[in-house]
Amino acid sequence: MSQANKKISTKTENVIGFEDKLWQAACKLRGNLDASEYKSVILGLIFLKYLSDKFLELYTKLCEEGEQDDRDEYLARNIFYVPETARWEKIAEKAHTSEIGIVIDEAMREIEKENKRLEGILPKNFARPELDKNRLGEVVDLFTNINMEEQNADNDILGRTYEYCLAKFAENEGKNAGEFYTPACIVKTLVEVLEPYEGRVYDPCCGSGGMFVQSAKFIESHSGKINNISIYGQDSNPTTLKLAKMNLAIRGIEANLGEMNADTFSKDCHPQLKADFIMANPPFNLSDWGGEKRKDDVRWKYGIPPTGNANFAWLQHMIWHLSPKGKIGMVLANGSLSSTSGGEGEIRKKIILDDLVDCIVTLPPQLFFTTQIPASLWFVSRNKQQKGKTLFIDARKLGKMKTRSLRELTEQDISNIADTYHKYIKGEQVNKNGFVYVADLEEIAKQDYILTPGRYVGIEDKEEDNEPFNDKMQRLTNELAEMFEKSNFLQNEIKSNLASIGFEMEE
């Protein structure tokens with residue numbers, strides 16, 4: 001390994017180490033607090049440290065250049081102004097005092113006063129009695145003692161830490177985590193397929209803003225400019241919306257997430273928006289969405305969604321918001337691929353006949369913290385490059401187990417899916433038995449407009465077995481003999497151990 005690579009590896013390890021240390025601190029800090037409460041504490045501290053670091057960096061530079069502490073300078077460079085009493089050094093001084101919680105709450109209020117964009121967003125619940133102030137001080141020390149200013153834009157320790165903690169909180173919160181977090185590997189797959197280089201990006205149920213963050217990362221990794229995209233979104237959960245605004249602010253991403261939290265179906269925050277890219281992970285099979293009140297909605301071009309399931313309400317809402325060349329990448333429960341109940345089959349058929357369905361990907365199981373419902377990715381396009389065709393990818397066998405209960409798509413898996421799609425839209429041959437198939441409208445019609453990839457991709461080709469029969473039988477017999485021998489050895493060991501403590505096995 002070269003010396004340069006050694007440096008990169010060490011820095012990466014330090015970042016990961018810090019993330020893990022912070023999570024351990026979060027676990028200590030939790031005490032009797034609910035997950036949602038200590039989540040706001042930890043993420044709020046990360047954000048406060050971010051604001052202070054960014055401010056101090058520019059403040060120091062202006063002082064060195066002999067410039068005055070002009071607030072317009074911070075505004076012009078998209079940096080939040082932090083008043084003196086709210087700066088991290090003042091918080092660090094009070095880390096091991098009984099009033100540390102009061103100091104942090106007051107810092108949050110002062111920052112909100114100075115920055116209207118942050119008004120009502122920052123958590124101000126650090127002074128409450130049930131929050132252990134000694135442990136809070138330890139977490140403040142952890143931030144203070146690690147130099148974050150050395151991290152460059154490609155290795156943003158605060159941004160990465162925020163994202164890491166979101167994932168860990170989602171993993172620990174279980175059922176309710178889906179309200180704010182979509183697994184990063186799924187978000188990255190959507191982004192790598194759609195390639196949102198420029199234009200308007202929209203998520204009607206944005207959670208903590210993961211789709212936007214990943215889009216920004218994609219643009220940066222391809223030497224693009226984040227200012228080339230405009231971001232729009234909304235979410236019905238007020239706490240989740242605050243997480244999203246902090247998640248975007250910590251990365252310097254401007255976004256219009258509506259004036260307040262709002263349900264997308266009852267109050268569309270961007271009614272006139274026509275987006276170039278829409279990415280979303282709406283709640284699966286949402287039953288209580290108020291469909292009975294909205295049967296005449298202009299968005300239901302392809303049919304009135306059933307009142308007991310919002311899957312096709314979400315899909316039609318997004319299609320309504322597409323620009324003439326816009327694309328959608330969304331996560332839906334697998335039932336949406338084949339359901340005929342409540343008119344869903346007819347809605348799906350009309351969307352297919354309008355030549356909007358570009359690609360369907362069935363996902364492997366156990367990707368989500370919150371549900372075991374099988375899911376798929378829908379890619380919808382207003383202006384398909386392969387007219388009259390749909391790409392089907394059966395990705396159920398991809399991924400690797402991250403924990404006993406959680407799977408994730410690897411970088412190779414994501415590249416495999418995205419590369420297959422990009423070859424397909426260029427007109428290249430991509431069919432592969434058991435994995436990929438390109439079907440035309442006639443073939444889909446023969447399947448009664450059911451979009452389950454397994455119906456199209458066929459059976460995976462088996463590797464040809466050229467081993468001679470006698471050789472194979474000899475090999476297998478030898479392997480079986482070795483297993484018998486090991487079994488006998490283990491059996492005798494168990495008998496011996498039992499005898500040593502006074503128990504004899506009957507023969």
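**Strand pairing, helices and cores in a predicted model**

Strand E7 is mostly covered, with five of its six residues buried. The model in which this strand is described is a predicted one, and the secondary structure of its protein chain comes to 16 helices and 10 strands. Of the 507 residues of the chain, 47% count as buried. Among contacts between residues at least 6 apart in sequence, 73% join residues at least 24 apart.

The pairing of E7 involves strands E5 and E10. With E10, strand E7 runs antiparallel and is joined by five bridges, and within this pairing threonine 390 stands opposite alanine 439 of E10. With E5, by contrast, E7 runs parallel, and four bridges join the two strands. Valine 361 has isoleucine 393 of E7 as its bridge partner, while threonine 362 is partnered in E7 by aspartate 394. Strand E5 is itself mostly covered, since six of its six residues are buried. It is also joined to strand E6, which spans residues 375-381, by five bridges in an antiparallel arrangement. In that pairing, threonine 362 stands opposite serine 376 of E6, so that this threonine has a partner in E6 as well as one in E7.

Several residues of these strands recur in the description of the nonpolar interior. The largest nonpolar core has 50 residues, and those with the most contacts inside it are Ile186, Val331, Val361, Leu377, Phe379, Leu391 and Ile393. Helix H8 gives the most to this core, contributing seven residues. Apart from this core lies another, of 49 residues, among them Val41, Leu62, Ile111 and Met246. Within the largest core, the surroundings of valine 331 may be set out further: residues up to four places away in sequence aside, valine 331 touches Ile186, Leu190, Ala280, Asn281, Pro282, Phe284, Phe368, Ala375, Ser376 and Leu377.

Helix H13, formed by residues 411-425, has 15 residues and reaches 21 Å from its first C-alpha to its last, close to the 21 Å expected at 1.5 Å a residue. Its buried residues are Asp413, Ile414, Ile417, Ala418, Thr420, Tyr421, His422, Tyr424 and Ile425. These buried residues pack against helix H8 (184-194) and against strands E4 (322-333), E5 (357-362), E7 (389-394) and E10 (436-440). The helix is followed by glycine 427, whose phi is positive, near 90°.

Helix H6, comprising residues 133-144, has 12 residues, and the distance from its first C-alpha to its last is 16 Å, close to the 16 Å expected at 1.5 Å a residue. At the N-terminal end of H6, aspartate 132 acts as a cap, with a side-chain oxygen lying 2.9 Å from the backbone nitrogen of asparagine 134. Lys133, Leu136, Gly137, Val139, Val140, Leu142 and Phe143 are buried in this helix. In an α-helix there are 3.6 residues a turn, so residues three or four places apart point the same way.

Two further buried positions, one in a loop and one in a helix, were examined individually. Threonine 264 is found in the loop between helix H10 (238-249) and strand E3 (275-280), and it counts as buried because its relative accessibility is 4%. Leaving out residues up to four places away in sequence, threonine 264 touches Tyr202, Pro204, Gln234, Arg299, Trp314 and His317. With proline 204 there is a polar contact, in which the side chain of threonine 264 reaches the backbone oxygen of that proline at 2.6 Å. Histidine 317 lies 53 residues away from threonine 264 along the chain, yet the C-alpha atoms of the two are separated by 8.8 Å. Serine 52 has its place in helix H2 (residues 35-64) and is buried, with a relative accessible area of 7%. Its neighbours within four places in sequence aside, serine 52 is in contact with Val82, Arg87 and Trp88.

The confidence of the prediction varies along the chain. The chain averages a pLDDT of 86, and 89% of the residues score at least 70. Over residues 1-15, however, the pLDDT is below 50, and beyond near neighbours in sequence this stretch has 11 contacts in the model. The pLDDT is also below 50 over residues 148-155, a stretch with 15 contacts in the model beyond near neighbours in sequence. Where pLDDT is low, the predicted coordinates should not be read in detail.

How values were computed:
Residues are numbered from 1 along each chain as its sequence is written. This is a predicted model: local features need pLDDT of at least 70, side-chain atom pairs count only at pLDDT 80 or more; totals for chains, interfaces and linings use all residues. Side-chain values use heavy atoms; hydrogens and water are left out. The expected span of a helix is 1.5 Å times one less than its number of residues. Buried means under 20% relative accessible area, exposed over 50%, partly exposed in between (1.4 Å probe, protein chains only). A polar contact is a pair of N or O atoms within 3.5 Å; within protein, one must be able to donate a hydrogen and the other to accept it, and residues adjacent in sequence count only if both atoms are side-chain atoms. Contact means heavy atoms within 4.5 Å. A nonpolar core is a set of buried Ala, Val, Leu, Ile, Met, Phe, Trp, Tyr and Cys residues joined through side-chain atoms within 4.5 Å. pLDDT is the predictor's confidence in each residue, from 0 to 100.
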